[in-house]
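Student: Please take a close look at one part of this model for me. I would like the loop first, then whatever connects to it.

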Amino acid sequence: MTTYSARSFVAAIDQGTTSSRCIVFDHGGAIVSVSQKEHRQIFPRPGWVEHDAEEIWANVLDVVHGALQKASLTVHDLAAVGITNQRETTLVWDKATGKPVHNAIVWQDTRTDQLVKELGEQNRFREKCGLPLATYFSGPKVRWLLDHVDGLRRRAEAGEVLFGTMDTWLIWKLTGRHVTDVTNASRTMLMNLETLDWDDELVDAIGVPRAMLPEIRSSAEVYGTATGTLEGVPVASALGDQQAALFGQTCYAPGEGKCTYGTGSFLLVNTGDKPVVSENGLLTTVGYKIGDQPAAYALEGAIAVTGALVQWFRDKMGLISSAAEIETLARTVEDNGGAYFVPAFSGLFAPHWRSDARGVIAGLTGYIDKGHIARAVLEATAWQTREVVDAMNADSGVELVALKVDGGMTANNLLMGFLSDVLDVPVVRPIVAETTCLGAAYAAGLAVGYWSDTESLRENWHKAAEWLPTMDAKTRDKGYRKWKKAVERTVGWIDEDDNDE
């Protein structure tokens, strides 16, 4: 193993739901430079969400070049590059030409709703893959493409096309290797959590040819050496974005957890070297796997719409011109005025798993103004987190005592304070809040010896801000009861023929 000096740097590519970015880190885990670029959100029909993978690849090259340029660095200054990505987003491309056969189907997309129902009872595969049957995951999305793109199944069986989540796409474009890591593979519904390999029963039941599946590798190892813009740099890690944040938040011991607040929000807690099957609507997933070491597993609560609701409020309603303005608008009122916003735009995720749910605003009266709605938009993130924390506590048998947070929404002080109030625990944000990229960088650095072990990574973690609960129990309980009433009004909106072609 090559040992790199502390004067070198590690880069991380974060291919996210709304943008791609590259962050360069130094040996202390501090950010050296950042470059970011948004990509289009394509909505062919209600409930359908797509991305142009070629646009994303071009943007990734742009942000890598931009991050290096901003720091006056070259590829020779990089010890390694790691990748973290929006999970479950599904792509199939031609093995010979590298051209996608269809736009990528995004994790939020619900077009597989009818297929998921046809595949059987919700918990049919949970024991093997840790996941409920839901539109969220990659396996049914691949099956949809095989069923709807002319000739694709024949070509897949012949090995002429390749499937990948966005990590696989980027690794293939950078190195020519067709691989994924265990964290992304664990979100397909096709991988066995115990063997960490594709499972014959799952693959056959969902109907995905093995010939199109990538090789499953650990989260931290050298997959290959990059060509082009990153010529000669080891591509040395891949983690789904939420697992990367768990790793970046240094949650290396069982019971340690974090919540990332981005387009959606994701609460993960490390459960150690054995998968824990949830009985309360959570997902069992691989947290990370470092080289030849045993995998660390996690329980996860996934919330589909949090930051995306603020974007909707900005772009569709036009009530603010930037995401940051929502806090200012929400502070023009003292409370939500009795209004509750449940943003079930793509159904409800954990702990409900109701793809037939759609968003509602409950409690409207003539008193409500745009300030109250802004506050209800922010509060929706906190109440959804509370539901997941309650489920997590029930599954683990251990009460949450503090929550580490990261992601773009943690800049909203009003939201973080309210989150602490409704959870009744301290909420803590680290100095480096971009822990998704940091986790990918840490894993890549470990793979090439840039960092020696996880203990050295723990030493880099420092608290930047902390919010303590101030809400009395009566107010908290009343608000939660009203939230649950609003949630009840979201289900049953979608009829079976709503997704027919």
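Tutor: Start with Trp 353, which sits in the loop between E19 and E20. Keep in mind that this is a predicted model. Trp 353 counts as buried, because its relative accessibility is 8% and the cut-off for buried is under 20%. Its backbone deserves a look too. Most residues other than glycine have a negative phi. Trp 353 is not a glycine, yet its phi is positive, at about 55°.

Now the rings around this residue. Trp 353 belongs to a cluster linked by ring pairs, together with Trp 107, Tyr 136, Phe 137, Phe 266 and Phe 349. One member, Phe 266, also has a charged partner: Arg 87 lies over the face of its ring, 5.1 Å from the ring centre. Another member, Trp 107, leads to Thr 263. Thr 263 is in the loop between strand E15 (257-261) and strand E16 (265-272). Leaving aside neighbours within four places in sequence, Thr 263 is in contact with Trp 107 and Gln 108, with Thr 17 and Thr 18, and with Ala 304, Val 305, Thr 306, Gly 307 and Ala 308. Thr 263 counts as buried because its relative accessibility is 16%.

Go back to the loop that holds Trp 353. Phe 345 also lies in the loop between strand E19 (340-342) and strand E20 (360-362). Phe 345 is partly exposed, at 30% relative accessibility. The whole structure has 22 aromatic pairs. One of them is stacked: Trp 169 and Trp 172, 6.5 Å centre to centre with 15° between the planes. Trp 169 and Trp 172 are 3 residues apart in helix H6 (residues 166-175), about one turn of the helix. Both are buried. Phe 345 pairs with Trp 312 in a tilted arrangement, 5.6 Å centre to centre and 50° between the planes. Trp 312 is in helix H10 (residues 307-315), so this pair ties the helix to the loop across 33 residues of sequence. Trp 312 is partly exposed, with a relative accessible area of 22%.

That brings us to H10. Two packed helices are described by the angle between their axes and the distance between the axes. The axes of H10 and helix H12 (residues 370-396) come within 8 Å and cross at roughly 155°. H10 and H12 are therefore roughly antiparallel, since the angle is over 145 degrees. Their crossing is right-handed. On the H10 side, the contact is made by Leu 309, Val 310 and Phe 313. H12 supplies Lys 370, Ile 373, Ala 374, Val 377, Leu 378 and Ala 380.

Beyond H10, the chain enters the loop between H10 and helix H11 (325-330), where Met 317 is found. Met 317 is partly exposed, with a relative accessible area of 43%. Met 317 and Asp 477 are 160 residues apart in sequence, and their C-alpha atoms are 31 Å apart in space.

Two comparisons complete the tour. For the backbone, turn to Leu 196, in the loop between strand E10 (191-192) and strand E11 (197-198). Leu 196 has a positive phi of about 60° although it is not a glycine. Leu 196 counts as buried, because its relative accessibility is 16%. For a charge over a ring, turn to Arg 386, which lies over the face of Tyr 480 at 4.0 Å from the ring centre.

Note on methods: Residues numbered from 1 in each chain as written. Predicted model: local features only at pLDDT ≥ 70, side-chain atom pairs only at ≥ 80, totals over all residues. Heavy atoms only, no water. Helix = DSSP H or I, 4+ residues; strand = E, 2+ residues; numbered from the N terminus. Buried < 20%, exposed > 50% of the residue type's maximum accessible area, 1.4 Å probe, protein only. Contact = heavy atoms within 4.5 Å. Phe/Tyr/Trp six-rings, centres within 6.5 Å; stacked < 30°, edge-to-face > 60°. Lys NZ or Arg CZ within 6 Å of the ring centre and 35° of its normal. Axes fitted to C-alpha atoms, helices over the stretch in contact; angles between N-to-C directions. Parallel < 35°, antiparallel > 145°, perpendicular 65-115°, else oblique. Left-handed = near helix turned anticlockwise from the far one by under 90°.
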